[in-house]
Structures are given as structure tokens and as C-alpha cells.
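Dear colleague,

Please find below the structure that I am handing over to you. My notes on what was found in it follow directly after.

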Amino acid sequence: MATDPAALAEVAGLVRAIAAEVGRAYIGPPDATELLFTAVLARGHVLVEGVPGVAKTTLVKSFARVLGCSFRRIQFTPDLLPSDITGTYVLDMQTNAFILREGPVFAQVVLGDEINRAPAKTQSALLEAMQERQVTIDGMTRPLPSPFLVLATQNPIEHEGTYPLPEAQVDRFLFRLPMRYPSEADEKRMLATYSRPLAPVRALLDGTDVVRLQRVVEGVHVEDEILDYVLALVNATRHHRRVYLGASPRAALSLLTAARARAPLSGRDFVLPDDVKYLAPFVLAHRIRLAPEAELEGVTADAVIEETLRNVPFRRHR
């Protein structure tokens, strides 16, 4: 299926406009906004990770406003119940019938703030929603709105009062987006900007626009060489000496899908090896588990992916 050049130009222009609009509230590298938009086009979810105070929630809320989609926030706490996320059936006294009181998961963009503060039973309430875009409540399955995007935040440093995310749920996140301290110039600009009231972020799209733009990705061409490169990277993580559990087949599919979604941001209808190289750390690092001795030595998953990218070359077919 060929991709309309006008649609490619629209996507390329939108990513710059979205970064500029989000930048009115969020001061930091524009790459973060670009990655979030890539995840939207790829129909993926994002785990935003960073210490408190680096504007994780500000970034997510501003980005959701720009999309113009329905938005709900879930503040994860240890006493949060699964029904607080999915909703529950309640008795309507007027009709004497049970009706569904929808939970916050029935929104197009869901912010799961501090997602690792809820126990595994509550976190698992998102599994079906993230993978199948549906929710089962009391045996009844209901579809979620389209588009559907989960943007979750967590603090990787603090461990008191937190619960590690189940492996199955971590694997549902297309990207893990690490957020670090801003540069000195950005922090100075933040001090000057936040000293006065900010104008609200404007919506540049709506849900219908997002679904239409997601279809653009379906026409992006992928050569067999790119497929081989993705498989080579994933297989290298499975045989790395410092890795206990390598990237799964879902990780390979996620990397390819993300690369296809990134191509239109540059006005292209084909994937380049650079797309795969750029996205590999965000797609693969949170999906591998290091060997215990590697963790004791201070080795990180990001370092393993960087080493893999250096050691696995892209090979062209003759």
C-alpha cells in the first residue's frame, strides 16, 4: 500500500508543531515529544522514568492536551483497587438495573502516575487494556476508545513503598523513556518561564486525526535487510554474556513497528537502519534482564544495548 506524499508531509510538519506547542509548558529536549508522537503513530504505550521533579507529569499532560483526545489521570497508590481503574457495575435505583460506572481507563489517553506504587494485582488491571484494547468486567468485555494510549510514570530510584512492575506489563510498553536533569540552559529558561502564568497548551489534533495518521504508518516500506538487522539485534541480546533473559519476539516486532512509525516524521515512506539504531535503546533496554553478576558489577541494560549496537553491523544484501 503506497503512502500519500501529502500525508507524509503532514506528519513531518505536525511533529515540529507538536514539539513547539508542548514546549510552551515543558522545557527539555524535544526528542521526548518526538518519541511520544512516534509511540502514538505506532499504537504503543510509553513508560516515562525519572527522579521526582524532572517534569514527567508536565510532559505527559501537555502532550495529551495537544492530541486533543479524552484524558484521564490515575494516581497509583498502595490501596488502589483494580475496579478503581476499570470501573464497576452499580445498581441504578431508578431502573432497578445494574449499569457500568466506567473507570478512568475508558479514555483515549490514560496517565498512570507513579505506576509502581500499586501492587501487582492492581497493575495487572491494565494488562488486557494495553494489549487488547478492551476491558473485561464481571465477565463482560467492553472495547476501549480509539486511539488508546497509556503513558505511565515511575521513579526508578525510590524503592520504599513501591512494587516492581510485572515482567508481562513491562513488555507491554513500547518505549521506556528515561528523563534526566535538564541542561543548565534549559533549567535557566525554566526559572524565567515559570515565574509568570503560562498560556494553556492548545489542541492541534483530535481523536479522529490521530487514527487517520496511524494509518499512514501502514504504508511505510521495510526492506528484508531491515528485518534481518532487527532480528540480529534481538538475537544478540539473547546470547549476550551479561544477559539472563534476552529480548522477546514481541520486542522484535515492537522495534520494527516503532521504526516504521519514525520514518514519516522525516517525510519518508521507508525505514532506514538509523531508525532502528536510534529507537533500539528505548524499545529493548527495559525488555532484557541482566545476569546477577552483571548487576553486582553495576552494568546497566542501556550499556548492553549500546554494546550490541556497536557489535552488530547492518548488512546489505548483494
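**Findings**

Helix 11 and helix 12 cross in a right-handed manner (the near helix is turned clockwise from the far one by less than a right angle; anticlockwise would be left-handed). Please note that the model is predicted: local features need pLDDT of at least 70 and side-chain atom pairs pLDDT 80 or more, while totals for chains, interfaces and linings use all residues. Residues are numbered from 1 along each chain as its sequence is written, and side-chain values use heavy atoms, without hydrogens or water.

**Helix packing**

Helix 11 spans residues 249-262 and helix 12 residues 273-284; their axes come within 9 Å and cross at roughly 130°. Helices (H or I, at least four residues) and strands (E, at least two) are DSSP runs, numbered from the N terminus. Axes are lines fitted to C-alpha atoms, for helices over the stretch in contact, with angles from 0 to 180 degrees between N-to-C directions. Helix 11 and helix 12 are therefore oblique to each other (under 35 degrees is roughly parallel, over 145 roughly antiparallel, 65 to 115 roughly perpendicular, and the rest oblique).

Which residues of helix 11 meet helix 12? They are Ala251, Ser254, Leu255, Ala258, Ala259 and Arg262, and their partners in helix 12 include Tyr278 and Leu279; contact means heavy atoms within 4.5 Å. By class, this contact has ten nonpolar, one polar and three charged residues (Ala, Val, Leu, Ile, Met, Phe, Trp, Tyr, Cys and Pro are nonpolar, Asp, Glu, Lys and Arg charged, and the others, Gly among them, polar).

Helix 1 (residues 5-22) packs against helix 9 (residues 207-216) at about 120°, with the axes 10 Å apart, and this crossing is left-handed. Ala7, Leu8, Glu10, Val11 and Leu14 of helix 1 make the contact with Arg212, Leu213 and Val216 of helix 9. Six of these residues are nonpolar, none is polar and two are charged.

**Aromatic pairs**

The structure contains two aromatic pairs (ring centres of Phe, Tyr or Trp, its six-membered ring, within 6.5 Å; planes under 30 degrees apart are stacked, over 60 edge-to-face, the rest tilted). The ring centres of Tyr229 and Phe314 are 5.5 Å apart and the planes stand at 80°, so this pair is edge-to-face. Tyr229 lies in helix 10 and Phe314 in the segment after helix 14, so the pair ties together parts 85 residues apart in sequence. Tyr229 is buried, at 2% relative accessibility (buried is under 20% relative accessible area, exposed over 50%, partly exposed in between; 1.4 Å probe, protein chains only).

Tyr278 and Phe282 form a tilted pair, with 5.7 Å between centres and 55° between planes. Both lie in helix 12, four residues apart, about one turn of the helix. Tyr278 is partly exposed at 23%, whereas Phe282 is buried at 18%.

**Backbone features**

Most residues other than glycine have a negative phi, and most peptide bonds are trans. Ser146 and Pro147 are joined by a cis peptide bond, with omega about 0°; Pro147 is in the loop between strand 7 and strand 8. Arg43, although not a glycine, has a positive phi of about 60° and lies in the loop between helix 2 and strand 1. Asp138 likewise has a positive phi, of about 50°, and is exposed at 63%.

Yours sincerely
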